[in-house]
Amino acid sequence: MNMIISADWVNAYAALFAVIFAAYATYEARRLYKLEQQRDRDAEEEKKRAQASKISAWIGADIPPLNALDKSWKGVGVIIQNQSDTPIFDVVIELLNSEKQAALPINIDILPPGYYFCLAKHKGSYADFLTPEQAEHNKDAWEYAIPLSQYPAKLRPITMSRKRCIISISFTDSNNHRWQRDTLGKLTLLDS
């Protein structure tokens, strides 16, 4: 009789162990499934950001060498890079001039892959970006974007100015997603 009771207890312990093991296996399977779902979402997000992450812009200027007699800047503008394999659309670059005033934005309908330069038109001898009050209309503020290799002088990036800077560049990628890169380089999806 004691042998039968012991066998019942062994069966009960075995069944309890099987239930605990099944519960743990279910928990692990669920955890791994959620982990795989997150990896899939991350991969999809990375795929979505692939083109947008290859777009950037910065201020560039035709600055004479330090030993030049004429120290005035010959031209200032925005260098735009599209390192992706396809064009971007509806590009809007917002920036500040040397007086920390909002300059007229740059608007480009289509920007093919490559490096481009948008030269700022300026009034007077000082090269700077025009504000809306200074420009008669948008076409008076910026030259057309030209391939950087076609600009006749070597351009230097303006890296030490917190006044003259790009506030943001926004654009639509080839998958029709709208993006914005801020002054610190953070890339944000504007539509979801």
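A residue is called buried when its relative accessible area is under 20%, exposed when that value is over 50%, and partly exposed in between. Glu36, at 39% relative accessibility, therefore counts as partly exposed. The structure described here is a predicted model, and the remarks below are to be read with that in mind.

## Overall arrangement

The chain has one helix and ten strands, and their order along the sequence follows the pattern α-β-β-β-β-β-β-β-β-β-β. Of the 192 residues in the chain, 31% are buried. The helix, H1, covers residues 2-49, while the strands discussed below include S2 at residues 75-82 and S3 at residues 88-96, together with S8 at residues 165-172 and S9 at residues 178-182.

## Salt bridges in helix H1

How many salt bridges does the model contain? The count comes to three, and the table sets out the partners with the separation between their N and O atoms.

| Basic residue | Acidic residue | N to O distance |
|---|---|---|
| Arg31 | Glu28 | 3.0 Å |
| Arg39 | Glu36 | 2.8 Å |
| Arg49 | Glu45 | 3.8 Å |

The position of each pair along the helix can be stated as well. Glu28 and Arg31 are three residues apart in helix H1, so about one helical turn separates them. Arg39 and Glu36 likewise both belong to helix H1, where three residues, or about one turn of the helix, lie between their positions in the numbering. For Arg49 and Glu45, both also in helix H1, the spacing is four residues, which is again about one turn.

The accessibility of these side chains can be followed pair by pair. Arg31, the partner of Glu28, has a relative accessible area of 38% and is therefore partly exposed. In the second pair, Arg39 counts as partly exposed because its relative accessibility is 47%, and Glu36, at 39%, falls in that class too. In the third pair, Arg49 has a relative accessible area of 25%, which means that it is partly exposed, and Glu45 is partly exposed at 31%.

## Surface patches

Two patches, one nonpolar and one charged, can be described on the surface. The nonpolar patch is formed by Trp9, Tyr13, Leu16 and Ile20, which together present about 480 Å² of accessible area. Leu16, one of these residues, lies in helix H1, and because its relative accessible area is 48%, Leu16 is classed as partly exposed.

The negative surface patch consists of Asp40, Asp42, Glu44 and Glu46. Asp42, one of its members, is also found in helix H1, and with a relative accessibility of 42% Asp42 is partly exposed.

## Cysteines and disulfides

How many disulfides does the structure hold? The number is zero. A disulfide is a covalent bond between the sulfur atoms of two cysteines. Two cysteines can nevertheless be described by their burial: Cys118 has a relative accessible area of 2% and is therefore buried, and Cys165, with a relative accessible area of 17%, is buried as well, because the cut-off for that class is under 20%.

## Loops and backbone angles

Is Ser84 buried or exposed? Ser84 is placed in the loop between strand S2 and strand S3, and because its relative accessible area is 7%, this serine is buried. Ser84 and Pro113 are 29 residues apart in sequence, yet their C-alpha atoms are 6.0 Å apart in space.

Two residues other than glycine deserve a remark for the sign of their phi angle. Asp90 has a positive phi of about 50° although it is not a glycine; Asp90 is placed in strand S3, and at 43% relative accessibility it counts as partly exposed. Asn176, also a residue other than glycine, has a positive phi near 65°. Asn176 is found in the loop between strand S8 and strand S9, and because its relative accessibility is 59%, which is over 50%, Asn176 counts as exposed.

How values were computed:
Residues numbered from 1 in each chain as written. Predicted model: local features only at pLDDT ≥ 70, side-chain atom pairs only at ≥ 80, totals over all residues. Heavy atoms only, no water. Patch = residues over 30% accessible without salt bridge, like charges linked within 9 Å, V, L, I, M, F, W, Y side chains within 5 Å. Areas by Shrake-Rupley, 256 points an atom, 1.4 Å probe, with all protein chains shown as cover. Salt bridge = Lys/Arg side-chain N within 4 Å of Asp/Glu carboxyl O. Lys, Arg positive; Asp, Glu negative; His and termini not counted. Charge placed at Lys NZ, Arg CZ, Asp CG, Glu CD. Helix = DSSP H or I, 4+ residues; strand = E, 2+ residues; numbered from the N terminus. Buried < 20%, exposed > 50% of the residue type's maximum accessible area, 1.4 Å probe, protein only. Disulfide = S-S within 2.5 Å.
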